[in-house]
Amino acid sequence: MKEITKYLRLSVVGAAVVATGCFTSCKKDEFKVNGNIEGGADRSVVLEKASFDGRWMAVDSARVGSNGKFEIESARPSAPEIYRLALGDRYIYLPVDSTETLTVNAKAFDFGREFTVTGSAQAENMANFEKELMALNFDNQADREAFKKTVYSKYLKDSRGGILSYYVLTKTVGETPLYDITDEADTKYYAAVATAYEQFRPADPHTRMLRQASIDALKRKNAASGRKRVVEADEMKYPEITLPDENGKDVKLSDVMGHGKKGVLIVSPMNEKESPAINKALSDIYGGGAYTFYMVSPDGDQYAWREAARNLPWITVTDPDARNSDIIIKYNIGALPAFFIFSPDGDLVDRAFSIDELKQKL
């Protein structure tokens, strides 16, 4: 648990990414940070990023001119990262995605509190987030929970795997994480961001960390949540699902998994425009019964679902609560389709965020 929290605390240690190789010094491979620091004449401003072991390391520095202006150029990272601009022991955090120019305007006496950042939408959003966080009464739990929901809607929900979402998700205030990976209530936020990274940035080093954190959180949540049940004298370590199939017969997930074959719990709609292609790809994997499939379809149109389900060779059940289903919450599902892999003995062992990843893991 401590290890998971450690590698996800970006605001304290930075994003420990695997890509550290430098590009050439050509202008097209550099990003720039410039601006004005009022009252900062002749002081040194330092650009930092995280090293492998999580320590912030100086990348470059500049002397603030008598007019308050400064400029730093640095080789852009091979994957999006968070940098920070340091003036003494105060910091302004900056998302660097490409070769953009980010402009910082601040006052030396209030550096890191009152400032503006322009040059990219992510940079402006990060500055806004920081100011909103500083205005929050963090010790008030009700205010903190309401703030997290607002932040999710503004900065995480439609982030498409942007580095800002990673920063926000792993932000700490003092020693307390804003979104706590060890808190059951917060695991859904991690699942949503991990899903976005899988979809839009599968090769990004942050994706691997988020994926593993989401899987570990799910396992930990199910082991400690008090929902363990005894099934044939064995302790169940995943949330049970009991739903009707196309003939109206209730089918339990626990009755399907654990009969000598690897199994997959699939949560996917049947009546979306992408559904035929998804089902075709799943049929190729299924291969006439090589694996056990238990497919939950959160479709509101029960008639259309039933007609589609009759054409599939695996077990398909319908969730009458559709997309507000308790299953979405229990399994930390941030986007559909979602895939959960079971061992031949019936244990939940892994999660896949795409069909390609499901193929690879099976």
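Is R84 buried or exposed? Point 2 takes this up, after a look at the whole chain.

1. **The chain overall.** This is a predicted model. The chain has 362 residues, and 51% of them count as buried. Its secondary structure comes to 12 helices and 19 strands. Take the contacts with a separation of 6 or more: residues 24 or more positions apart account for 61% of them.

2. **R84.** Start with the opening question. R84 is buried, because its relative accessible area is 10% and the cut-off for buried is under 20%. R84 sits in strand β5, which covers residues 81-87. Its side chain has named polar partners. One is the side chain of E48, through a polar contact of 2.6 Å. Another is the side chain of Y93, at 3.4 Å. Now set aside the neighbours within four places in sequence. R84 is then in contact with V46, L47, E48, W56, Y91, I92 and Y93. Both polar partners, E48 and Y93, are on that list.

3. **The largest nonpolar core.** In soluble globular proteins, nonpolar side chains tend to be buried together. In this model, the largest nonpolar core has 31 residues. Look for F129, Y167, V168 and Y179, which have the most contacts inside it. Several helices contribute: α3 (121-135), α4 (141-156), α5 (163-169), α6 (187-200) and α7 (205-224) each give two or more residues. Helix α5 provides the largest share, 6 residues.

4. **A second core.** There is also a separate core of 24 residues. Among its members are F70, L85, A123 and A127.

5. **Two helices side by side.** How do α4 and α6 lie relative to each other: roughly parallel or roughly antiparallel? Their axes come within 12 Å and cross at roughly 5°. That makes the two helices roughly parallel, because angles under 35 degrees count as such. From α4, the contact uses K148, K149, Y152 and L156. From α6, the contact uses Y189, A192 and V193.

6. **A five-stranded sheet.** Strands of a sheet pair through backbone hydrogen bonds, either parallel or antiparallel. Here 5 strands form an open sheet, in the order β17-β16-β15-β18-β19. The pairing is mixed. Which strands stand at the edges? They are β17 (315-318) and β19 (348-352). Each has a single partner strand, so one side of each is left without a neighbour in the sheet. From one strand to the next, the twist averages 20°.

7. **Inside that sheet.** Take β15 (residues 263-267) and β16 (residues 292-297). They pair in the parallel sense over 5 bridges. One bridge to find by eye: V267 has V296 as its partner in β16. Helix α9 (residues 275-286) packs on the sheet. It touches β15, β16 and β18 (338-342). The direction of α9 makes about 160° with that of β16.

8. **P313, on a loop.** Where is P313 found? It is in the loop between α10 (302-309) and β17. P313 is exposed, because its relative accessible area is 55% and the cut-off for exposed is over 50%. Compare its position with that of Y286. The two are 27 residues apart in sequence, and their C-alpha atoms are 8.8 Å apart in space.

Note on methods:
Residues numbered from 1 in each chain as written. Predicted model: local features only at pLDDT ≥ 70, side-chain atom pairs only at ≥ 80, totals over all residues. Heavy atoms only, no water. Core = buried A, V, L, I, M, F, W, Y, C linked by side-chain atoms within 4.5 Å. Buried < 20%, exposed > 50% of the residue type's maximum accessible area, 1.4 Å probe, protein only. Helix = DSSP H or I, 4+ residues; strand = E, 2+ residues; numbered from the N terminus. Pairing = 2+ DSSP bridges. Axes fitted to C-alpha atoms, helices over the stretch in contact; angles between N-to-C directions. Contact = heavy atoms within 4.5 Å. Polar contact = N/O pair within 3.5 Å; in protein donor to acceptor, adjacent residues only side chain to side chain. Parallel < 35°, antiparallel > 145°, perpendicular 65-115°, else oblique.
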